[in-house]
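Please walk me through this model stop by stop. Tell me what to select next and what is there.

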Amino acid sequence: MGLKVILRYLLVYYLFFYCKWIEGYKKLSKEEELEFEEQLKRLNKPPVKTIKTKYGDIYDCVDFYKQLAFDHPLLKNHNFHPEMQSTSIPRRVSQEKKVPKLDFEPVNIVLEGGGCPVGTVPIRRTTKDDLIRAKVYSKIHASKINPLVDGKPGTHYAVARTKENVNFEGVGAKLNVWNIPVAASQYTSGRIKISNGAESLEAGWTVNPGLYGDNQTHLYIYTNAGQSHCFNAQCGYVHLKPDIPVDVVINPTSSYGGQTYVITLAIVKDVAKTNNWILQWDDPPIDLGFWPAQIFTNLGNPGTQVEWGGETFSPPDVPGPGMGSGHELKLDTIYDAFCALAHIKVNNSIINPPGDLEDLDDDHFRYSVVNKRDVGEDIHYLIIYGGLGGRT
């Protein structure tokens with residue numbers, strides 16, 4: 001039996017097992033029920049205030065020092081505080097080119113009523129269903145199988161990534177956001193990523209009903225640090241912003257051939273002082289939170305590779321979801337998913353990516369990525385990605 005067949009069989013078995021587990025969690029043993037209850041108590045901290053969004057999500061305003069990050073064993077003796085900010089502002093190095101402005105609108109994702117009180121952070125309340133789904137999708141996402149070959153059936157990528165082994169202190173872009181149909185067992189995402197060896201950090205948008213329990217487009221982060229692999233704020237990420245959760249619904253989203261809505265994200269290393277990795281939102285950037293240097297091994301150092309683009313997942317032999325806008329590429333920012341103003345941080349300077357990025361689409365019949373390079377002053381470096389999905 002070939003390796004590809006074995007891997008496909010193992011993933012089908014794995015997904016079948018976990019789907020049955022999700023469906024049958026009410027039949028858990030008493031010991032398992034107690035374990036879940038203990039985890040829920042740990043995850044759902046006593047709130048100072050509670051906010052229910054119009055989408056039905058409940059956010060608890062938790063004291064900064066009681067957030068989940070500080071349950072991490074490597075963060076027991078920290079000196080962090082809610083007023084922490086990046087210590088160095090990198091300078092932007094770019095060429096001046098005059099081109100027509102890109103017609104897009106930034107998305108406002110601030111919580112209703114101004115968010116949480118000062119000194120607290122918004123944490124999405126976790127249910128038993130949420131906990132089970134998060135474990136399943138974290139395991140799928142953290143697979144050690146090389147994701148850009150056929151050995152990881154069900155997961156597909158269309159990304160542009162760096163080839164040369166440079167010390168990257170950051171990655172960022174403006175991503176237009178979409179909401180396209182996916183089944184309960186699928187997800188579709190657009191993101192930026194920085195990695196060093198086995199460790200990596202991601203940030204972007206996703207439609208992932210298996211993780212969130214809905215078909216809304218959400219902001220998301222993914223942490224792969226040491227033995228910790230998780231979405232959002234459950235394993236080492238320290239949140240700072242009291243009015244913007246890291247897993248908030250993003251709305252409105254872009255319409256095909258119509259209005260384009262964007263989010264601006266960056267992951268940058270504070271090389272001047274703390275060595276932490278900072279999650280930044282908007283332009284000029286606002287620090288949403290950070291990953292402490294203590295939780296990393298490889299990423300205690302700068303990254304060695306960065307990438308921009310899209311990712312989808314579907315169980316084997318189930319037609320895959322769309323990626324990006326869910327259509328074939330037209331090479332037009334009104335129709336296609338993109339990462340505009342794509343940039344890297346090197347030597348505390350924001351610069352364009354190198355022109356010789358690798359364009360990697362592991363299933364080019366369904367998904368594509370095109371590196372347009374530097375197209376002008378307002379868009380700068382442009383990477384376009386997406387696809388119909390469909391066939392098994």
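Strands here are DSSP runs of E, at least two residues long, numbered from the N terminus. The model is predicted.

**Stop 1: two cis prolines**

Select proline 252. This residue lies in the loop between strand 12 (238-239) and strand 13 (260-269). A cis peptide bond joins asparagine 251 to proline 252, with omega about 5°.

Now go to proline 284. Its loop runs between strand 14 (277-281) and strand 15 (286-291). Here aspartate 283 is the partner in a cis peptide bond, and omega is about 5°.

**Stop 2: the sheet of 7 strands**

Colour the strands 11-10-9-8-16-6-19. In that order, these 7 strands form an open sheet with antiparallel pairing. Which strands stand at the edges? They are strand 11 (228-231) and strand 19 (358-361). Each has a single partner strand, so one side of each is left without a neighbour in the sheet. Between neighbouring strands of this sheet the average turn is 15°, direction ignored.

Strands of a sheet pair through backbone hydrogen bonds, either parallel or antiparallel.

Zoom in on strands 9 and 10. Strand 9 covers residues 199-207 and strand 10 covers residues 217-225. They pair in the antiparallel sense over 8 bridges. For one position on this pair, select glycine 204: tyrosine 220 in strand 10 stands opposite.

**Stop 3: histidine 156**

Stay with the same sheet and move to strand 6 (residues 155-161), where histidine 156 has its place. Is histidine 156 buried or exposed? Its relative accessible area is 12%. The cut-off for buried is under 20%, so histidine 156 counts as buried.

Show what surrounds the residue. Leaving aside neighbours within four places in sequence, histidine 156 is in contact with Gly310, Glu311, Thr312, Met323, Asp362, Asp363, Arg366 and Tyr367. Two of these deserve a distance label. The first is glutamate 311: its C-alpha atom and that of histidine 156 are separated by 5.7 Å, although the residues are 155 apart along the chain. The other is arginine 366, whose side chain makes a polar contact with the side chain of histidine 156 at 2.7 Å.

**Stop 4: the sheet of 3 strands**

Next, select strands 1, 2 and 5. They form an open sheet of 3 strands in the order 1-2-5, with antiparallel pairing. Strand 1 (49-52) and strand 5 (120-124) are the edge strands, and each pairs on one side only. Neighbouring strands in this sheet are turned by 30° against each other on average, direction ignored.

Look at strand 2 (residues 58-63) beside strand 5. The two pair in the antiparallel sense over 5 bridges. Aspartate 63 stands opposite threonine 120 in strand 5.

**Stop 5: threonine 120**

Keep threonine 120 selected. With a relative accessible area of 7%, threonine 120 is buried. What does its side chain reach? It is the backbone oxygen of proline 117, at 2.7 Å.

Expand the selection to the contacts. Leaving aside neighbours within four places in sequence, threonine 120 touches Val48, Cys61, Val62, Asp63, Phe64 and Pro242.

**Stop 6: rings**

Phe64, just listed among those contacts, leads on to the aromatic rings. Ring pairs link Phe64, Tyr65, Phe70, Phe80 and Phe290 into a cluster. For the whole model, the count comes to 9 aromatic pairs. A pair of aromatic rings is described by the distance of the centres and the angle of the planes.

One more ring to select is that of tyrosine 335. Lysine 330 lies over its face, at 5.5 Å from the ring centre.

**Stop 7: two leucines with positive phi**

Select leucine 331. This leucine lies in the loop between strand 16 (305-313) and strand 17 (337-346). Its phi is positive, about 60°, although leucine 331 is not a glycine. With a relative accessible area of 45%, leucine 331 is partly exposed.

End on leucine 341, which lies in strand 17. Here too phi is positive, at about 50°, and the residue is not a glycine. Leucine 341 is buried, with a relative accessible area of 11%.

Definitions and conventions:
Residues numbered from 1 in each chain as written. Predicted model: local features only at pLDDT ≥ 70, side-chain atom pairs only at ≥ 80, totals over all residues. Heavy atoms only, no water. Pairing = 2+ DSSP bridges. Helix = DSSP H or I, 4+ residues; strand = E, 2+ residues; numbered from the N terminus. Axes fitted to C-alpha atoms, helices over the stretch in contact; angles between N-to-C directions. Phe/Tyr/Trp six-rings, centres within 6.5 Å; stacked < 30°, edge-to-face > 60°. Lys NZ or Arg CZ within 6 Å of the ring centre and 35° of its normal. Buried < 20%, exposed > 50% of the residue type's maximum accessible area, 1.4 Å probe, protein only. Contact = heavy atoms within 4.5 Å. Polar contact = N/O pair within 3.5 Å; in protein donor to acceptor, adjacent residues only side chain to side chain.
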